[in-house]
Amino acid sequence: MENPDLIDPALLLLAYRGGVFPMADSRDDPEIFWVEPKRRGILPLDRFRVSHSLARSLRRGKFTVTCNAAFDLVLDACAAPRRAEAEDGGETWISERIAASYRELHRLGHAHSIECWIDGALVGGLYGVGFERVFCGESMFSRVPDASKVALAWLVAALRIGGAELLDCQFITSHLASLGAIEIPQKRYLAMLREAMRPREPGLRPQSGFSGAAGAGAGATASALGVALALPDAFGALLETAKSAGFSSSPGKFIAQSLTQTS
């Protein structure tokens, strides 16, 4: 039996494909409103900014990074009340209804998470919605320094391997701007969105942007994945590409090297 409180998954995906997404005023708010910002935050996949400290965290392999291993836990952490000094004032826009709707979207294979672990404890991550060659990042959290940044670096690397073209951040923040995110008019965003959703032959897929010997493998992997973005497949392809480049025991080093060379 369908849950009448859920946002219909087909409607939710249709909204994303039209450049619109849902929000709520509070955790307990049963109502939602649809948002179409006049200015849109995006993170160009070829301009992700890797600081010295982030590169060091990636190379050291402090975090075990996974995809879709704990979607519910990541969603709950993102929906938890934030610190009072947070940019959103500490209140969450992820209501119970929105959370339940994204859990259903995840069950159907359209919402995904990246998790960062230390000694079996979840310490950071992010989640979002993927379709065609687009990934719409929804929220991220961090319980230790650099955890959410590492999750985002792995996401960017996986999206590039998978042939994605657009990483939507919805709203720009100082945190995202420090990582290379920019703000563009909604009209331009919609044009980029339409372009990223256009049918393409696998052989015409844009290259991943990775350079050197690893880049050749990444381009081949992107073509092999077909024309629709599937983050778990792209994540697996990232690990395989790191392995083929000689980084099987330290994929974080491969990601740091690749993103630093092409950012």
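**Exercise 1.** Decide whether Gly124 is buried or exposed in this predicted model, and describe its surroundings.

*Solution.*
Step 1. The relative accessible area of Gly124 is 0%. The cut-off for buried is under 20%, so Gly124 is buried.
Step 2. As for its element, Gly124 belongs to strand β6.
Step 3. Leaving aside residues up to four places away in sequence, Gly124 touches Ile114, Glu115, Cys116, Phe141, Ser142 and Ala147.
Step 4. Val144 is 20 residues from Gly124 along the chain, and the two C-alpha atoms are separated by 7.3 Å.

**Exercise 2.** Give the strand order of the open sheet and find which strands stand at its edges.

*Solution.*
Step 1. The sheet has 7 strands in the order β4-β5-β6-β7-β8-β3-β9, and the pairing is mixed.
Step 2. β4 (64–67) and β9 (182–185) each have a single partner strand, so each has one side without a neighbour in the sheet; these are the edges.
Step 3. From one strand to the next, the twist averages 35°.
Step 4. Strands of a sheet pair through backbone hydrogen bonds, in a parallel or an antiparallel sense. For β4 and β5 (residues 111–118) the sense is antiparallel, over 4 bridges. Within β5, Cys116 is the residue opposite Val65.

**Exercise 3.** State which strands α1 and α7 lie across, and at what angles they run.

*Solution.*
Step 1. Helix α1 lies across β6 (121–131), β7 (134–142) and β8 (166–170). Its direction is at about 80° to β6.
Step 2. Helix α7 (residues 186–197) lies across β3 (39–42), β6, β7, β8 and β9. The angle between α7 and β9 is about 95°.

**Exercise 4.** Determine which residues of helix α3 are buried and what covers them.

*Solution.*
Step 1. Helix α3 spans residues 71–79, and its buried residues are Phe71, Val74, Leu75, Ala77, Cys78 and Ala79.
Step 2. The cover over these buried residues includes α4 (96–107), β5, β6 and β7.
Step 3. For the spacing of such positions, recall that an α-helix has 3.6 residues a turn, so residues three or four places apart point the same way.

**Exercise 5.** Locate Glu132 and Asp146, give their phi values, and classify each by accessibility.

*Solution.*
Step 1. Glu132 is in the loop between β6 and β7. Its phi is near 45°, a positive value in a residue other than glycine.
Step 2. Glu132 has 23% relative accessibility and therefore counts as partly exposed.
Step 3. Asp146 is in the loop between β7 and α5 (147–161). Its phi is also positive, at about 75°, although Asp146 is not a glycine.
Step 4. With a relative accessible area of 17%, Asp146 is buried.

**Exercise 6.** Identify the residues of the nonpolar surface patch and classify Leu11.

*Solution.*
Step 1. The patch consists of Leu11, Leu14 and Trp34, whose accessible area together is about 310 Å².
Step 2. Leu11 is in helix α1 (residues 9–17). At 42% relative accessibility, Leu11 counts as partly exposed.

**Exercise 7.** Summarise the chain as a whole: elements, burial, contacts and surface.

*Solution.*
Step 1. The chain has 10 helices and 9 strands.
Step 2. It has 263 residues, and 52% of them count as buried.
Step 3. Among contacts with a separation of 6 or more, 73% join residues 24 or more positions apart.
Step 4. The accessible surface is about 12,000 Å², and carbon and sulfur atoms hold 53% of that area.

Conventions:
Residues are numbered from 1 along each chain as its sequence is written. This is a predicted model: local features need pLDDT of at least 70, side-chain atom pairs count only at pLDDT 80 or more; totals for chains, interfaces and linings use all residues. Side-chain values use heavy atoms; hydrogens and water are left out. Helices (H or I, at least four residues) and strands (E, at least two) are DSSP runs, numbered from the N terminus. Buried means under 20% relative accessible area, exposed over 50%, partly exposed in between (1.4 Å probe, protein chains only). Contact means heavy atoms within 4.5 Å. Accessible areas come from the Shrake-Rupley method with a 1.4 Å probe; for residues, only the protein chains shown count as cover. Patches are made of residues with over 30% relative accessible area and no salt bridge: like charges are joined within 9 Å, nonpolar side chains (Val, Leu, Ile, Met, Phe, Trp, Tyr) within 5 Å. A salt bridge is a side-chain nitrogen of Lys or Arg within 4 Å of a carboxyl oxygen of Asp or Glu. Two strands pair if DSSP finds at least two bridges between them. Axes are lines fitted to C-alpha atoms, for helices over the stretch in contact, and angles run from 0 to 180 degrees between N-to-C directions.
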